[in-house]
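Take a look at the model below, and let your eye wander over it for a moment. Then read on for a short tour.

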Amino acid sequence: MSHLLRGELIKTVTTRTVLGFAVGGVAFAVLNVLAVAMWSGTLDEVPEKEEALSALPILLLLWGLVGTAGEYRHRTAAPAALVGRRHRGAVLSARIAVYALTGLLLGTLTTMVSVGLALPLLGDHPGPDLTSGDVGAVVAGNLAAFVLSAILGAALGALIRSPVLGVVVLLIVNFAVVPLLSGVWESGVNLTPFGAAGILSRMTHHTTLSVAEAGWVLAAWTVAVTLVAVIVERRRDLA
Amino acid sequence: MTSSRTFAGDPAAIRVEGLTKRYGRRTAVDDLSFTVGSGRVTGFFGPNGAGKTTALKAVVGLARPTAGRAFVRGTSATTIRPDARLLGVHIEPCGAHPGRTGRAHLRSLAALAGLSRRRVGEVLELVGLEEEAAKLRVGKYSMGMRQRLGLAAALLGDPEILVLDEPVNGLDPQGIRWLRTLLRDRAANGGTVLLSSHMLGEAAQTVDDVILIDRGRLVHEGAIRDLERSGESVVVVRTAEAERLSGLVARAGGRTKREDGDRLLVEGLGVAEVARLAHRDGVLLEEIVQRTASLEDAFFGLTGGAER
């Protein structure tokens, strides 16, 4: 399995896509900190301050989706499957694991930027300061959300197999389906991957789910979609 | 190459039995059966859209057959453990990300295959991709360079069996000659090559055996020499005494046809027999030559391609 991980890692880091997502992630982190800590008024509660440290897990969902779907778009999945010495499901599992690892690295980078920029700015706000425990919990939640989102995105990419279609579907679900669901069943949104990732990364607070519960919800989605993707990968043709 | 490697007891390198592949209502490959012998270069020919690539994908395990089976060294292609040392595959396009360099593409495949990084340099040199070219992103490659990169990927594991889809596409004459030599050398050392092409004339110089398909069905399988012989040859004779020679040929059991005034086409007799008849009866021949039907003629005859 280690040879599959090594090969997939080489593939992942030898295009400029990873650089683009790293820059995008850092840019979003900076914008989020400025928007929450400087432009949204007074933050006098811990959850509000935690929001300044939150990241955007959907970015990692996109990272996994675009990267894995691109394997089929550029027909790079077939040569990998032909040399991997394991069945296609194992090759895809290795690919998803590499997206989890790179998701962790990208998440660490953006979270470090968020924390480094936000903590000095949050010191100017009234109310209780964030303890190191609070910050650690937010960082852990963010990293978990990033890794799970990257895995979920990679699994979705393997199922959808088209980066453009995948991104369109993702945007429609995030910006149309989820708000519609929210209108019908508000707490139901928390059970979607987007809602759960938002709670886990502290973008949303005061919800019906605890952070830990949101983590389990997102993990359940991730495991289920990944299993489906691996099973389907073994049965479908490769172009 | 390490030709002594064997993977199972099947004497055939590749065996296809009743392979059918349908996409919705369209049947791309229809009940196709053939065998690829070990140590041979086998050409897999057919017109565009005949189902060659689909059949090759089923042979290497990328496409699942709707019916029938394909075996590589006796193991079903759907269950075989992919191994770059057993099977090297190049199916167009080359399967490299346009944003990745050629070298990085090969490095990733070598790692996936459990091969050493050194092998990347070896195959790059083997296919004639210079160091500078290997550092370029694949998106900037010419078609010939992509083709060479695809071949390099197929050769990474120094495989026992090579399956190549239209390998001469985009190669310049030097590249075609290089590939021909490479494939012949591999066969001479016990390797097996299955290559598809729609350019029979070019590939015929490389192959030992021929599998010809049309509309997804097998129309001919055998040695290339048999295919060459299957095209009917004629003896072309130029003489001022065409009428007299026609009579002699008819009495000897042959048939004649007039072509371009004094030129006579003789069917059913060899050039030596025609010359002997003319000599015996004192018919002066100004020219006598055997015209062999080309492989393309045989190809069109078998596929009906000339009428399309």
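What follows walks through chain B, one of its strands, the shared core, one helix of chain A and the contact between the chains.

A word on bookkeeping: this is a predicted model, so local features need pLDDT of at least 70, side-chain atom pairs count only at pLDDT 80 or more, and totals for chains, interfaces and linings use all residues. Residues are numbered from 1 along each chain as its sequence is written, with chains lettered from A and ligands numbered from 1 in the order in which they are written.

**Chain B as a whole**

Chain B has eleven helices and 14 strands; these are DSSP runs, H or I of at least four residues for helices and E of at least two for strands, numbered from the N terminus. Its C-alpha atoms fill a box of roughly 75 × 45 × 40 Å along the principal axes. Of the 308 residues in chain B, 44% are buried, meaning that 20 or more other C-beta atoms, placed from the backbone, lie within 10 Å of a residue's own. Domain assignment (automatic or from a database) splits chain B into domain 1 (12-226) and domain 2 (232-291). The centres of these two domains of chain B, taken over C-alpha atoms, are 46 Å apart.

**A covered strand**

Strand E8 of chain B, residues 192-197, has six of its six residues buried. B:Thr192, B:Leu194 and B:Ser196 point one way, while B:Val193, B:Leu195 and B:Ser197 point the other. Here are the strands that pair with E8(B), where pairing takes at least two DSSP bridges:

| Strand of chain B | Residues | Bridges to E8(B) | Direction |
|---|---|---|---|
| E3 | 41-45 | five bridges | parallel |
| E7 | 161-165 | five bridges | parallel |

On the E3 side, B:Phe45 has B:Ser197 as its bridge partner. On the E7 side, B:Asp165 stands opposite B:Ser196. Getting from E7(B) to E8(B), the chain passes through helix H6 (residues 173-188) of chain B, in a right-handed β-α-β crossover; right-handed means that, with the strands pointing away from the viewer, the path from the first strand over the helix to the second runs clockwise.

**The core**

Which residues have the most contacts inside the largest nonpolar core? They are A:Ile151, B:Val59, B:Ala152, B:Leu156 and B:Val163, in a core of 143 residues. Such a core is a set of buried Ala, Val, Leu, Ile, Met, Phe, Trp, Tyr and Cys residues joined through C-beta atoms within 7 Å. Helix H7 (residues 132-160) of chain A gives the largest share of this core, 14 residues. Apart from this core lies another, of eleven residues, including B:Val234 and B:Leu269.

Leaving out residues up to four places away in sequence, B:Leu156 touches B:Ala84, B:Leu106 and B:Val123, among others; contact here means C-beta atoms, placed from the backbone, within 7 Å.

**A helix of chain A, and the meeting of the chains**

Helix H9 (residues 193-200) of chain A is mostly covered, with eight of its eight residues buried. Among what covers H9(A) are H4 (57-73), H7, H8 (163-184) and H10 (211-235) of chain A. After H9(A) comes A:Arg202, with a positive phi near 70°.

Between the chains, 22 residues of chain A are in contact with 26 residues of chain B. On the chain A side, helices H1 (2-13) and H5 (77-83) each supply at least two residues.

Definitions and conventions
Buried ≥ 20, exposed ≤ 12 C-beta atoms within 10 Å, placed from the backbone. Contact = placed C-beta atoms within 7 Å.
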